[in-house]
Amino acid sequence: MTSRHAIAAFTVALAFAGAARAHVAIVEASGLPGGAMTVTFRISHGCKTLATTGLRVELPPGVVAQTIAKPGWNTVVSPATASAPATVTWRGGPSPERTADTFPLGLRLPSAAGPLYFPADQICGDQTVRWGEIPPRGSTTGALSHPAPVLIVGDAPAAPTGMAVHHHDP
Ligand SMILES: [Cu+2]
């Protein structure tokens with residue numbers, strides 16, 4: 001194992017460590033620099049007692065998105081402006097309060113390695129829950145209460161984050 005591989009593997013391990021507390025997260029742990037891939041944003045439940053009616057994610061600079069049809073939902077990509085990042089917004093559903101749901105998106109990744117954060121707003125009618133916390137460089141999202149979804153760009157193989165089971169007190 002080269003040191004470059006070791007670093008990538010370690011970074012993916014950090015991503016796994018953060019996944020257990022992630023409530024809105026990207027299922028795939030990693031992707032290849034410059035690669036095209038389909039990622040899946042997963043919500044674990046609604047906003048406390050409310051059903052989910054929308055999800056909006058901010059795209060990191062250098063990431064290009066292509067919508068993928070999701071039955072019952074309308075998906076819109078909005079380009080970046082001088083003051084705001086590009087976003088992808090899904091509207092539809094609703095996804096019931098205690099139900100997980102998945103939102104697929106095609107991505108073209110930048111060529112630089114490193115973590116990419118996708119701050120997200122989970123929309124439940126007129127309420128919004130922000131999943132936008134980004135950890136200090138080199139640390140994990142594990143200690144954050146509302147971490148942003150993260151994808152690691154590196155040369156480790158993609159692997160699921162094992163977040164199928166999710167439990168906490170609301
Ligand atoms: Cu949760």
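Author: In this predicted model, helices and strands are DSSP runs, with at least four residues for a helix and at least two for a strand. By that standard the protein has one helix and 12 strands. The helix comes before the strands, counting from the N terminus.

Reader: Why is T38 called exposed?

Author: A residue counts as exposed if 12 or fewer other C-beta atoms lie within 10 Å of its own. T38 has 12 such atoms, and is therefore exposed. This residue lies in strand β3.

Reader: What makes I68, P104 and G106 contacts of T38?

Author: Two residues are in contact if their C-beta atoms, placed from the backbone, lie within 7 Å. Leaving aside neighbours within four places in sequence, T38 meets that condition with I68, P104 and G106. As for T67, its C-alpha lies 9.8 Å from that of T38, and the two are 29 residues apart in sequence.

Reader: What makes a set of residues a nonpolar core, and which members of the largest one touch the most other members?

Author: The members must be buried residues of the nonpolar kinds, such as Leu, Ile and Phe, joined through C-beta atoms within 7 Å. The largest core has 28 residues, and I26, F41, L55, F118, A120 and L151 touch the most other members. Among the elements giving two or more residues are β1, β3 and β12; β12 gives the largest share, four residues.

Reader: Which residues does L151 touch, beyond those up to four places away in sequence?

Author: L151 touches I26, E28, S30, G31, V39 and L116.

Note on methods. Residues numbered from 1 in each chain as written. Predicted model: local features only at pLDDT ≥ 70, side-chain atom pairs only at ≥ 80, totals over all residues. Buried ≥ 20, exposed ≤ 12 C-beta atoms within 10 Å, placed from the backbone.
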